[in-house]
Every structure is written in structure tokens, then in C-alpha cells.
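Visitor: Could you walk me through this structure, one question at a time?
Guide: Gladly! Have a look at it first, and then we can begin.

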Amino acid sequence: MKKLSSVSLKNIKIEDSFWNRYTHLVPDVIIPYQWNILNDNMKDIETSHCISNFKIAAGYEKGEFQGAVFQDSDLAKWLEAVAYSLATHPDKGLEDMADGAIELIGKAQQPDGYLNTYFTIKEPGKRFSNLRDGHELYVAGHMMEAAVAYYQATGKDKFLQIMCRFADLICEHFSVRNDSVGYPGHQEIEIGLYKLYQVTGKKAYLRQAKSFLDRRGKKPNYFLEEEKKPGFQGLFPEFENYDPKYSQSHQPVREQTKAEGHAVRAVYMYSAMADIAAEYDDEELMDACRRLWNSITKKRMYITGSIGSSGILERFTTDYDLPNNCNYSETCATIGLALFSRRMAQITRDASYIDIVEKSLYNSVISGVAMNGKSFFYVNPLEVWPDNCIDRTSKEHVKPVRQKWYGCACCPPNIARTLASLGEYIYFADEQSVWINLFISSQAKVMIEDQEFKISMESNYPNDGKIQLYVSTAQKKKAKLAIRIPGYVKEWKISIDGAHIENPVVENGYCILEQEFESNEVNVEFAIAPRIVWANPLVKEDVGKAAVMKGPLVYCLEETDNGSNLPALYLDTEKGLEEYFDPDLLGGTTVIKATGKRVVTRDWNQDELYAEHKPVYKDVDLTFVPYPYWGNRDTGEMLVWVKE
Ligand code: FUB
Ligand code: ZN
């Protein structure tokens, strides 16, 4: 299967009215802020211990390992973010800092290539003996991704060599020596090994990635056998009575039909399945990817593109089970869904996969970070009552305000690497074509049969639906421009050099312009007025409710604009929605106004729970703001699905 490629980040510059507030944060705030945290330089914050663990493993310091067993992955994701940032914003100081971190990683590597501070410091004799909980392969996968990104951004191969040595050891342990048939308890290394193969050409890495996928779910279950071995000690009490579904090891991956278990593990695995399916032209594996993607997006995904309905075990539950105020919707899981969907789009050239990429990026990825870049959501609810988010309840995992850091800090650096690599989602290319996926103002350079094409995109999306594209190349040349028509757009028009195109060709959701280009202007206009959306009535939590969207953006009500007790509000879906741009609100945003009702408490006193007072309603105006921006003002209630 010929996969479309992403355009190198070095060839993309983003300057966009919607995204600048996040992309500029990456080098200016997020990277330095997170570096300080990884180095334990910040007070009043959950201590990371991440760099300190590396120093101990390297022999520079004495002490005990501290933090989560996968704490090393925070540094890996941070370095990956740095690499993408350097590709777009070269910065000598930052590069020196990253080189220092890589030097430290090299020193923490063991003479045989092994690299993991938890097992090096704490359980040196137990390498690869607790694949279920140990996360060695998960951490290694993140390190591999970071090493590849750093090599591509800087041309320096030190980190790459470090990771190749570890990858060689892993291949040796898991494939050459026949006493090991295991696979990771948390998928991720499959993605890392595949990327390592792509830059080094070493087939052993590719074979190992495929083998990890193919072993998974074979009987007897590896993890159930592993826990019977003498000396096995679980690291997570919640894994008692382990259900292989949790790690998608209940069935061979090719036979799986439903998205099950831990959401992040699932989508990382599906991403790797898509990589391997494309590489091996493996239709059977690709069919499994399609089924699993459909299972998520048609039955188990929130309107915000987030996944994982249950706070217990961070997992998928059952079809249409999408509670709004006690869901998990981990930021990492949304990121994984975007990674999986992007790969599916690259393989199939079908824009409906990008609809989900866009939904995820515009909603539940950026809801994960505050507008000042210094606090983060791990869990992304669709309805919050701050007073109820208390310990030992079904809402204890829901935080009504973003936190400066977490003991388990997988999400914040994941957000950093995702924002820093945003350009990879905007364009795809092959030898003859450029694909425009997202309408983010940017400049890109793409090679079409050895000839450079410059694409300049200008838009104010999603505040309005107008997109201008300038295509220029030194000599006239035939090429194909494929412009995504989002699934939510019902009316649109397109012109080239001022001439309206009457019956544009649309294939798999992309409008195809195939012609000679030299210096041309393409104008597209999508109708993206605010709209009301309903959930399938099988989604019990949302029956009788409606949500407001504009383009890919989901909107929400906040207490700051609408008063408290948001569930007492009703939206009049018969009356129109009005929009206006408020330059002073939340960094400048389109606000949506609607009319509705509020149940008033007139007849009730506070000591009455139940009585025969018929509800009394008063007319109210409702003010909706973009969901990803919620929680950036006063702490208060938030609500996406409003009673109709
Ligand atoms: O286990 C590593 C990461 O920690 C997972 O991906 C997240 O869900 C969190 O549990
Ligand atoms: Zn996470």
C-alpha cells in the first residue's frame, strides 16, 4: 500500500490565528517549563524525579529510583517535542540543552545497550521479567521515537545510535534467543521500532515490530503465564485478576473487532498495526484497523474526539456508553486516536479519517493545556461540577482545574510533542500530489517529481470558512492538489484564479484539482455557520440533549457566562444560533449565543428534596464558548450536552 508521506516539519511554517496561541507556547513556555519540572526545579509541584533517576542510573548521583515505573518516558516525549520544535524554530541554546540530556541518557545506558532507569536502579535482576507492568518496552518506544525525531531535526545521530544499541538488544532478547516470546504490556515500542527501521533501513526492527503485534493474543496468554512464574511481583494493585482485554491481548490482533481495554494502549497498538499493514501490504491487518477505527468512532468516542469512558482502568466500556461527568477521556488517548487516524488517512486517502484527526486536535488535545501553557488536563470531561470532584467517588479522577503537573505525567509532554508536530497533520504528499488536510495558515514546500512547489495557505478557520491557497513553482508543471472537504460541510464552493469551478471532482472527501500549476490562487469557501448536533438516541446519557458546534469545534457552556447549575438550562433548538467574534475573550474567539430556558428554584426551599412543585421556567440567553478553552477563567461548572 503506497502511503502518503507527511511533509517534513523543516518545510512548514505555521502562522495561524487559531493555532498560534498554542504553537508559539511550545518553544516559549511549554518546553522550558517542562524542563524545569523534569529537573525538579519547581516548588509546589508534584516532583518529577525524571532527570534525577537518569543521574543515579548514570552513576553521577546516589539515591533511589523515584516516580512511576515509566518515568523515563517523560524525558523521551520532552525530547521529541524539542526535536520537532528545533525543526521549525532552530535554537542553539535549546539544542545544547537537549544534547546534554542525550549525553546523560547515553551515560545511563548499560554496557550491553540496556536502557531503563527503573530496572537499572531498582530491580537490576528483573529485566524483561514483568512485561505486563514493567513498561520497559513502552519507554523504549518513546525513546526511539524521540531519537528518530532528533536525528531528523538536527542530523545528529548520537541518540539514534543509543537507541539502535537498545533496539539490537531487544531484538536479540525477544527474537533471537528462543526463551522469550513476550510482547509489551503497554504498546508503543511497535511504533518506535518501525520509525527506527524507516531511518536506518534495518529490517530486524521492522520484523520485531511486526512480531510483537503478531504474538499478541495468542493462547496461552503471555501475561497470565508470566504472573505464574516464581518471583513475579505485580507493580499495580489494580491488575489483580488481570483481564487480557485490558492490554488488547485477549485475541490475536487481526481478529479483534471492538476497541477494548485501556484506551491509550489500544490506539498506540492500532497505529502500529496501520504502519505494519501498509509496509507489508497486509490487507488482513488493514481490515482489522478499519474495524477497530469504526468501533471507536462510530460507537465509543465522545463528540470531542476523546475516548475511554471509564475512570477505572482508563478504559473503553461498551458501545454507546459515553457518560459526560465521570469519563476518562485521557489526553494521551485522544492524541493516540489522532495518530491512528492520520495513518489511516495516509494509507487510504480517505478524508473521513482526517475529520477525526481534526476533531481530536481542535477539541480534546488542546483542552489538555491551559492557554498559558503551564497547566494541563489529564482527564477531559464534558460536564463538570467542581464541588463533586472529590476523592473516592466516581468523579475523583476528574479535575475541575488544570494541574501544574501530575505524579503520572504522561499527558503534558505528549501534548508538547503533538503541538510541536502539528505541521505533520496539515499536508500530505506523494510524487505527483499535495494533499491539504487541515486549514491552518502556513507556508509549505513540497517536492513534486524533483520540482519544488510552494504552498501558501491563509485562513481564519474555524472563525470563518474562507481558505486561500497560493501555489507557485518555478516552471509550469502538472500536479494534483487534493483539498479536504470536511464531513460537516454541507455547502462549499471553489475557484481557481477567480474562475468558479462548476462541478468539482471529489474523491473520498477530497476535491481534486489536477492541472498545470505555475502561480495560481485557489479559493475555497465552506459554509461553517454554528450548528446544533444531536447524539444517536442509543447514547443514553445524551438523550434529550443537544450540543453546539462550529466547524470542528465543539462549544460548551461555562458557569462564568451562564451562572451556576448548568444542568438546569435548556437550549431552544428551534431558534437560531448567533455568532460574533470577541477579540478580548479568551485570546480572541467566536462566541455563540442561543436562547433557552432555566428552571427556577422559586417554589423550592433548600431543605426540600422532593415535592410536587411543577417546574417553572424563565427565558435566558445562553453563551457558548469553544470547549478547548474551558477552565481558562474562573473555576466553575462546564457543560457540553445541554437539555433541549
Ligand atoms: O502506563 C503509561 C501511561 O500512564 C498510560 O498510557 C496512561 O494511561 C497512564 O496510565
Ligand atoms: Zn496521558
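**A walk around the model**

Guide: Setting aside residues within four places in sequence, Asn414 is in contact with Lys77, Tyr268, Cys332 and Ile335. Keep in mind that this is a predicted model.

Visitor: Is Asn414 buried or exposed?
Guide: Asn414 belongs to helix 16, which covers residues 411–420. Buried means a relative accessible area under 20%. The value for Asn414 is 0%, so this residue counts as buried.

Visitor: Cys332 was among those contacts. Which protein residues are the donors of the zinc ion (ligand 2)?
Guide: Cys332 is one of them, through its SG atom. The donors lie 2.0 to 2.3 Å from the zinc ion, and in sequence their spacing reads E-x1-C-x77-C-C. The full set is Glu330 (OE), Cys332 (SG), Cys410 (SG) and Cys411 (SG).

Visitor: What geometry does the site of the zinc ion (ligand 2) have?
Guide: There are four donor atoms, and the angles among them run from 93 to 119°. Four donors count as tetrahedral if all angles lie between 85 and 135 degrees. The site is therefore tetrahedral.

Visitor: How many residues apart are Cys332 and Cys410?
Guide: Cys332 lies in helix 14 (residues 331–348), while Cys410 lies in the loop between strand 3 (383–384) and helix 16. Cys332 is buried at 1% relative accessibility, and Cys410 is buried at 6%. This pair links distant parts of the chain, and the separation is 78 residues.

Visitor: Let's turn to the rings. How many aromatic pairs are found in the whole structure?
Guide: Two rings pair if their centres lie within 6.5 Å. A search of the whole structure gives a total of 34.

Visitor: Why is the pair of Phe223 and Tyr242 called edge-to-face?
Guide: A pair of aromatic rings is described by the distance of the centres and the angle of the planes. Here the centres are 5.9 Å apart. Planes over 60 degrees apart count as edge-to-face, and for Phe223 and Tyr242 the angle is 75°.

Visitor: Which parts does that pair tie together?
Guide: Phe223 and Tyr242 are both buried. They also belong to one aromatic cluster, together with Tyr183, Tyr222, Phe236, Phe239 and Tyr246. The two are 19 residues apart in sequence, so their pair ties together helix 11 (residues 222–226) and the loop between helix 11 and helix 12 (263–280).

Visitor: What is the angle between the planes of Trp435 and Tyr510?
Guide: Trp435 is in strand 5 (residues 433–436) and Tyr510 in strand 12 (residues 510–526), so the pair ties together parts 75 residues apart in sequence. Trp435 is buried, with a relative accessible area of 3%, and Tyr510 is buried too, at 0%. Their centres are 4.9 Å apart, and the pair is edge-to-face with an angle of 90°.

Visitor: Which ring does the charged end of Arg342 sit over?
Guide: The model also places the charged end of Lys210 over the ring of Tyr280, 5.2 Å from its centre. For Arg342, the distance to the ring centre is 4.6 Å, and the ring is that of Tyr425.

Visitor: Which residue meets Lys210 in a salt bridge?
Guide: The partner sits four residues away in helix 10 (residues 203–215), so about one helical turn separates the two. Their side chains meet at 2.8 Å, N to O. Both belong to a network of salt bridges that also includes Arg254, Asp282 and Glu284. The partner is Asp214.

Visitor: How far apart, N to O, are Glu579 and Lys550 in their salt bridge?
Guide: Glu579 lies in strand 17 and Lys550 in strand 14 (residues 545–550), so the bridge ties together parts 29 residues apart in sequence. Glu579 is partly exposed at 35%, whereas Lys550 is buried at 3% relative accessibility. The N to O distance is 3.1 Å.

Visitor: One last stop: which residue forms a salt bridge with Arg633?
Guide: Arg633 is in the loop between strand 19 (616–626) and strand 20 (638–639), and its partner is 72 residues away in helix 18 (residues 559–562). Arg633 counts as partly exposed at 24% relative accessibility, and the partner is partly exposed at 28%. The closest N and O atoms are 2.6 Å apart, and the partner is Asp561.

How values were computed
Residues are numbered from 1 along each chain as its sequence is written. Chains are lettered from A and ligands numbered from 1 in the order in which they are written. This is a predicted model: local features need pLDDT of at least 70, side-chain atom pairs count only at pLDDT 80 or more; totals for chains, interfaces and linings use all residues. Side-chain values use heavy atoms; hydrogens and water are left out. Rings of Phe, Tyr and Trp (its six-membered ring) pair if their centres lie within 6.5 Å; planes under 30 degrees apart count as stacked, over 60 as edge-to-face and the rest as tilted. Buried means under 20% relative accessible area, exposed over 50%, partly exposed in between (1.4 Å probe, protein chains only). A charge sits over a ring if NZ of Lys or CZ of Arg is within 6 Å of the ring centre and within 35 degrees of the ring normal. Contact means heavy atoms within 4.5 Å. Donors are N, O and S atoms within 2.8 Å of the metal (3.2 Å for Na, K and Ca); water is not among the atoms, so sites may look incomplete. Four donors count as tetrahedral if all angles lie between 85 and 135 degrees; four count as square planar and six as octahedral if opposite donors are over 155 degrees apart and all others between 65 and 115; anything else is irregular. A salt bridge is a side-chain nitrogen of Lys or Arg within 4 Å of a carboxyl oxygen of Asp or Glu.
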